[in-house]
Each structure stands twice: as structure tokens, then as C-alpha cells.
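Dear colleague,

I am passing on to you the structure that I have been reading, and I would be glad if you kept it open while you go through the notes below.

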Amino acid sequence: MKVTGTFLFRGPREAVWDLLQDPAVLAKAMPGAERLERTEGDRFEGSMKVSLGPVTAARFTLVVELADKAAPERFAMRIDSQGPLGFTRGKALVELTPVDEGTMMSYSSDLQIGGRIAAVGQRVIDMAARMMTEKGLESLQKELDARLAGGSRA
Amino acid sequence: MSDRVTVRARVNGVEYERSVEPRLLLSDFLRQDLGLTGTHVGCEHGVCGACTVLVEGEPVRSCLMFAVQADGARLTTAEGLTPGNGAPLHPLQAAFRDAHALQCGFCTPGILMSMAALLDAPSPLSDEDIRATLAGHLCRCTGYANIVRAVRKAHGQLHR
Amino acid sequence: MASYIGERVRRNEDARLLTGRALFVDDVQLPGMAHVAFLRSDHAHGRLRGVDVEDARRYPGVIAVFTAADLGDFWQPGPLLVPPPPVPGLEFHARTQVPLARDKVRHVGEPIAMVVAESRYVAEDALALIAVDVEPLGAVGDLEAALLPDAPKVHDELASNLAARVRQQKGDYDRARADADLVVSRRFVYDRGASAAIENRAVAAAWDPKSEELTIWDTTQAPIPIRNGLARLLGLLESQVNVIAPFVGGGFGPKIMMFYPEEVLVPWAARRLGRPLKWTEDRHENFGATTQERSQVHDAEIALTREGRILGVRDVFLHDNGAYNAYGLTVPINSQCTLLGMYRVPNYESEFKAVFTTRTQVTPVRGAGRQHGVFVMERLLDLAARELGIDRLELRRRNLLSPDEFPHNHEIIFQDFAPLTYDSGDYLPAFDEAAALIGYDRFYREEQPRLRAEGRRVGLGIVGYVEGTGIGPYEGARVTVEPSGLVRVATGVGTQGQGHFTAFAQLVADALGVDVEQVRVVTGDTREFHWGTGTFASRGAVVAGTACRSAALAVRDKVVALAARLLDAAPETIELEGGRARGRGRDDASLSLGELAARANPLRGAVTPGMEPGLEATAYFGPDRGNTANGVHAMIVEVDPETADVKILRYVVVHDCGRLINPLIVEGQIQGGVAHGIGNAFYEQLHYNEDGQLLNASLMDYLLPVATDVPDVEMAHRETPSPFNPSGLKGVGEAGCIATGALFAQAVEDALGHAVEIRGIPLSPDRLFHLMREARA
């Protein structure tokens, strides 16, 4: 599955970059994420609970590794998630560009999805991925708003 | 999952009371806990219709319902269409035999229950009506035509 | 004497099925029974680095968890069920399925671990606690890419993904091609479908330590081979293993003697754990674990004269056999052989390659490759007819084999290892009758022009097919007259709705002059009869039916001899009717069959030299080769030009399966086969993505035809008896679904005024929509 898109953050690029490197923030941004912790360097491990169409809520282990970092412009993520109902595995690329209104993020991911989520969730999988992404990005914006309102932390 | 709940139901005229897990499906309750294996399970997601039973006279997919949801209800399964072993077949069952409306017979109990509910209505019944209701069931053997014939025949007999 | 053969006898088995009293495998419940669930691969292809089952083992209610490592010596690949036929130059690499994946997983749904628990619910809870470490390897799906040198290999130790290469030919196609006025060549694709019996598979097993017997209830089409194989695998005597295939909720091929992992492991674990066990497949498992059929890609061409005489056909095709090939080459050989159809094809060259892919194993599914051959040939004829400007029905008429050409040897080897020889047939009248029934001439003279003028897109299709049926090796039956007067028939084939309880009873009732309802048939229980193979290849009625008849005739001889002695009459004057034996012209003196059965086994003096007790006989029938049934299907469709939905307005079948035992049952087989064929042709397609994931593994997304999709089929029977068995029978089980793909393609093209050319099946509303849009662009 390929998910690509853009999102306009209302805030400066450095602030957005810092936000995206903070596992506590990322955990909040991912719908269903229960925890996400840095285990070493740029490797994060955690778990998330996902419901998808006819597939009931299921817990997935989640490993995210950041790579090819070029602060504050771009980074790549390797994602590996597994659970009783299947797996998701793949790569995502995130780029940040300063624009007049703030920071434009463009993202593209290529994910392999297997198991029951692929087999019976196919009709809703794209929609669900898009909704989860949108929801996540909106909560990131809220977090960014809170940080910027909090003053000089960035 | 070990908290058990009590389910009381009147199935084919007989009162049953069983202690079950809340997550137990009605289909498993009927088949395993009550031994009424005439209700069959073909897909566990409400598409094939083999598990159809009557709850308060209405056809439902017993694989999409928990046993606890049937607490206090009156149920009919394929075993309940005839009063007992050796009794003559219900006119619908007899029509199925006459018209060769079943082959492997696995989907048949569910189809019988939907059609029994359809036949309760005394109004005229067209082949299109029968096919529309039958379209809620999957049968891999018969190609449906003889089922339509059987239901038409049974309807004629029951509403003479 | 009245005869039951050819009568529309209502089925003996129906009362049990209609009242919910028929036993299916999942209905088996035994005291102390535990339940089994399997952890299956989510990956299409990967190296299995580890399976951690410790948490699952500790889960309350779990009795045992097994991985490949726990199976010890019992872990071994399953048997090769059908060896390759003796075709010169044939290349074949057998790789059969394993009980639990050990080093690699090769398709989504392949079992990795087995959990035994107090309930299925608990067993499934425990599956969620098993951690599997898989290193993904590339999926193999596209048949051409699979044979490229850089393709990931499904079986590492093989040189490539090539599973087999088979070339068969007769005559000299190249010369035929050089002599031809017209050569038409195309690529045709037939994609995968599921058999989708409404009953999923199930296995229950119980070991009795006191009698040292293992009893297995199995949704198999072939209980005897399963019994024999399991005895060998488990180190038991065959007499210690009973396999019962009770009522089976549809077979359609994949329930044949596969020695599926679950079929082997559940009995093994039941014995090891000392607990009765049951596993029932759920629908999701079925889509990955039960065998499938159909992916083939054909590059075919036909050479003809200007007058439309076929000079030759060449077909080169790829066959997807999935990750394993336990069923050998039956499916592609059927495609190769059935392509020739009803036609005189003097020169034929056919080569196929079977390919390993990371998809569920392929084995015969109703039709078993025959529809591919029919599709290719009928499509080539349609295209040739257009290019030659000859009416497509007329083109077929010019090439049909005529009755004086039978038996007709096609000079290539069929799936039963014998030369492909048609036993009998009379094809031209079948075509003419179908054309008359569908109103071929009137349709083109009046109906199509009139409806076209109204803007409606209606089209007609008419195609013929042959079906090789009734192959050996053999079946047997035992017929016993009991003192109650009831007649018991035991045979080894399993039954999945084909009406064996009735058809076999008719054959026996006729031989013994008893009421058909007095004949009780037992099938599919190795305790009752333990020689035979199984129900497949439309062979039950032909092979087992003939054995039933032979056994009944042998019993008849005993009845006559005894009655003659007791009635003091000459044996040739004894008549059997209404369950009694009497001497001709002596209405006063008669004996019931029950009385005779009692007299044949008295307490004193039952057996004198040369005699056997009772009225019982066992007989076997093994045909030298199979029969060839045939038929012509015709239909009229209407295509919605906006939505591409196809509505079938009429469907006609003229078929010839030799002598009919029971038209009610035969018509049911045809109607059901047509429905199956409509599904294959227009609704059912297994969608795999490039990662080898099946994307529509539920009955919500994999569409089976429903009551509003299937028309009432109009049928006409023709009966050209087979000379290969005494009753003149041929089989019918698969006939309905063989022609449907070719028929759909022709009728839809006709409806659309040949704006599109259909070279792929299944055709879905979606695919047709795109074809129509491309054509407009």
C-alpha cells in the first residue's frame, strides 16, 4: 500500500522537526498507539491497538527506526508492526519545506500489509490509513500549537 | 473471559438453561451446548446464511449473535420444523424432497428457516420474491432453481 | 418388471438432511473432546527464523502446542498423490506439502503451529500469543516472471520454479500451419478461483487405547486412501484405523485425499494426547489452506482452410500449481486433452510448463482444468469464424467428429495414463438440438435486430465441450439381503450430495426386484467397505454404480438358486418382483427376500461344499479407460451498456452423459454445475497482490453466485450409451461448469457487436466495464 500526501504545519520548520523526533509526541500522534519508547539511538519500540473495518481491535507490536536523517529537512522511517491479525512492514519518507504559512510536510510511504488485515480489510484499508494519518497529523498540530504557545522551549 | 452468564431460551418448544461465556456465539450455543447440530456454520461472517434460525419467528444469522442476546427468547431451528423423529416432514421439507431442492444439504437448514418465515405471510409470493429472499443464502450445489420450485409448491399447499 | 433406471426417484437421503439429523464432521462431539486451531503464515514467502510458543503453552486451558520441531520423525512431506503420466520426455519435480512449516513458509495460510485447547475459543486466544519471526522473501505470482533466472525460488534446492514440462503432439502441426489459409493466434488467461463448498473442511479423531483403534471423521471425498495412508504414517494396521466421511457438505475436488496438514496432525495428536480432538476450518482459513484452481496463461493458435476445416492447433501454456504439487499433473493434462473437444483435429501440438508460485496449492476443482481447454478452443473457433466469414455454428458443424469415428483415439495420453480415446458420441444432433432450443436462427433473424433497434445489447452464445469421466482404477460394493428384507449396500466412495444413496439403490433395486426405499446405501465408511479410491472425475455413478449393480446381480443369482431349490422350480423360471421370488406361472408359491435371507443362513446346515452363507456378494468394477460425456450449452445475455452488468435471459443445456440413472439427480447436477460455471466465468476471482497476499479472502468480497444471478436452465437429455460399462453410463458431475467461460465470452462479445474481444476469464462486471471503456476510447 502506498500512502502519500502533504500537510501544512502552522509553525517553523525547526519546531516541527523537534516534534517529529520525540517518541512521546509521536505516540500521541498515532491513533491507537499505547506506548512508544526509544530503545537505542533512533530505534523506537512500542505497541498499538488498531480496529479496521470488520477486523476487531487488535494489539500490534511496533518498531520504528529513523534513518537517513538530514535535520531539519528530511528523514526516513523503517516501520515493522506485527500482531495476531497480520503485519505491516515498509518504509516512509518525510520531507519538511519552509513555506510562507509555516512548514510543508510531504510524506510518502510504501507499506506491505499481510495476514487477515490484508485479506478481509482490503475494502477499508486505504480509507482507514488516510483517516489515521489525518487524525495523527492534526494531533501533531495541536501539540505544536501547545509548544509554541508555551514560549521559548523550541 | 471466564465470567460466565446464564442463558435461558426456549428452543423448538423445549426450555434450556446453560451457563456460558459471554462471547459464545448463538450458533455455537445451539450446536455445542444444546447438541442441536442441524444448524450449520459456513462462514462465521453472516454471508452464507447456513446458520439461519428463527428468533421470535424472525430469521437471524446465529453466527452474528451472542448466545446471551438470545436470553429469554423463543427459537426455532431446522430440528423444530417437524415435531419429532419419524414424524412426517413439514410441507416445506417435503416440497424440498419432491423438487430435489437439496444436494449436499449443508446450506439447507438455514434456507429452510428463511423460507419458513417467508411462507408465514399468506400474501401471494412471486418467484422474484422467493429469489430475493433466497439471495441471502449461498448454495454451491443446486443452482437454486429447484429451491424456488419447492418454495412455490409449499406456498401453494400452505395457503390453499 | 418395472425398472427404476431412468426414473425420477426422490432421494432416500433427504429426510435426514432436511430435519437436521444428518451427521456432518463438525457435528461429532465426544466426551472429553478438545479443540484444535492452527497458526498460519501471514507471509507469502519467507524464511522461518523462529516460532516462540511458550506463552501459548502457559495459557489457561491450553493442552498442547506443536511446531514442526515437536513432530520429530512424524514430520515429513505428504505423499505424491498422482504420479506424472508416461509421456515421453516429460520433466516433473514433485514437492508436496509439509505438516507444519519448518524452514520456510511458501504461501499465506500455510500452517506453522498447532494449538490444542479445551475449547476452540481458548485455542484461538492462544494463537495470538505465538510469536513468529519470518524473514520475508520475494513473492512469486506472475507465471512468466516466475521462470526468469532472477525470480525468488519457492523451493531452494530446485534449479528454478519450473515444476513440470510436458509436450504432447499428434501429426505435424508445422506442416498443417504451412498448408493453412488462415492462422489465428491469441493469448488467453484464466485466473484463480476457490471451490467454496459451503461446508469448510473438518477432522475429528479419537484413539481408543483399549481396542487400539483410531477413528477419524473427515470431510474427505476419498476415505479409503486416507485410511490407508494414515495407517502407514502412524505405524498402525489398516484395520486399526477407521475413516468415516459422513455427510459431506460439498466436495468439488479439494476434499479429495489430499493428506492436508490438519488431516494428518489431528489424528496424530489425538493418539499422542489420548484425547478426542476436532478441528474445523473457518472460512478465512479456507481461503488460504484449502486447495484452489485455475490460473493458466495460454498462447494458442489454430490453422484452418478457407472452407473452415481445422488443420491443426498449437497451444503453449503456463500452469500455476501453487507452492506444492501433490496432485501431480491432473489439472494441466485435463486442459491439454479437453482442448480438442468435439472436433476433428488432425494435427495438435501442446506444451505446458507447470510453475511453483507462493500461492495456495492447486488441485482439481469441479471441471479440473477442462474448462481452460474448452475456453481456448472455442475462442479460437469464434475468432476464426469471424475472419473466415463463416457462421460460428456452421464452422463447428463442419469440424465435429461423426458417429462413425468412434471410438476415437486422439493419440495423446490422458490423466488416467491411457491414450485419450472417446468411447462414443453423436455431436451434430446435440448442436442442432441446442440451436433449435435457443432459437438460433430466429434470434438473428428477428430478436437481436428488434432489440438492437430498441438500444438493447443482447447476444447469443453456443459452445460444445466433452468431459472425460468415469476413470479407473476401480470401485467395489457389497450387497447383502438381510432377513428383515432390507437390502444393504456398502461401497467405498464418499458422497457429497450427488445422490449416491438413491442412484446406487436404484441400480440394486432393479437387479433384485425390490422397492428402492428398501435399499439402504452406506458410503464413505472404511468399517463398512475398505477397497476403493474415491469420488472424483465424475466417476461415482459409472464406476461404483457398476460395481453395485454387479454385486446385486451376483446376489440375485444366489436368490434365484435358493428360491428354485425351496420352491422346487427350475432356476430359469424364478422371477423377482416386489421383494419376493416366485416361479413363473406359480402365483401360489413365493418367498420374500427376507425369508430367503434367513433360509440362506440357518442354524444347521447353512454351508455345504461350494456354498456361502447368506445372500451377500461383493463385486468390483475397473474400467480400462474413462468415458467421454459431452454437451452443448447455449445462452442469451443482455449487457447493460452503462454498468457492464450481464443478465442471463436464457440458458440451454443439451447434454449426453450416456444412460441416465435418475434424471432428477442429473438435472440437479447440471443446474448446479452451470451455477458454479457462472461463478467461475463472471464473479469469482481470487485477487492476489504482488506481495502474494489474497485480498478478498471472505465471502463478502469473493462473490459466489446467488439466486438472482442464476437462471433456470432449460435442459435436453441425449443418451449415447458408453460401450465401456454394462449399463452404458457416463459421468455428469462436472459437466455443467465446463463450457460456461467460453459461452460467456462468446455471448457477451455478440451482445456488444464485437466491440470488445474477450480473452480472459473470469470476466467480472468490473473487467467488462474496463474493456468496454477501452473499446470506446
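I will begin with a small detail in chain B, where B:Leu54 stands opposite B:Pro59 in strand 4 of chain B. Please keep in mind throughout that this is a predicted model. Strand 3 (residues 52-55) and strand 4 (residues 58-61) of chain B pair in the antiparallel sense, over 4 bridges. The hairpin that these two strands form has 2 residues between the strands, and B:Glu56 takes a positive phi near 50 degrees there.

Turning to how the chains meet, 44 residues of chain B are in contact with 44 residues of chain C. On the chain B side of this interface, the elements that give two or more residues are helix 2 (91-98), helix 3 (108-119), helix 4 (127-134) and helix 5 (145-158), and the largest share, 4 residues, comes from helix 2 of chain B. By class, that side of chain B has 20 nonpolar, 16 polar and 8 charged residues.

Chain C also meets chain A, with 15 residues of chain C in contact with 12 residues of chain A; on the chain C side, these divide into 7 nonpolar, 5 polar and 3 charged.

Finally, there is the interior to consider. The largest nonpolar core has 314 residues, and among those that touch the most other members are C:Val489, C:Val508 and C:Cys548. Helix 15 (residues 540-567) of chain C gives the largest share of this core, 12 residues. Apart from this core lies another, of 19 residues, among them A:Ala29, A:Phe60, A:Val64 and A:Met77.

With best wishes

Technical notes: Residues numbered from 1 in each chain as written. Chains lettered and ligands numbered in written order. Predicted model: local features only at pLDDT ≥ 70, side-chain atom pairs only at ≥ 80, totals over all residues. Contact = placed C-beta atoms within 7 Å. Nonpolar A, V, L, I, M, F, W, Y, C, P; charged D, E, K, R; others polar. Pairing = 2+ DSSP bridges. Core = buried A, V, L, I, M, F, W, Y, C linked by C-beta atoms within 7 Å. Buried ≥ 20, exposed ≤ 12 C-beta atoms within 10 Å, placed from the backbone.
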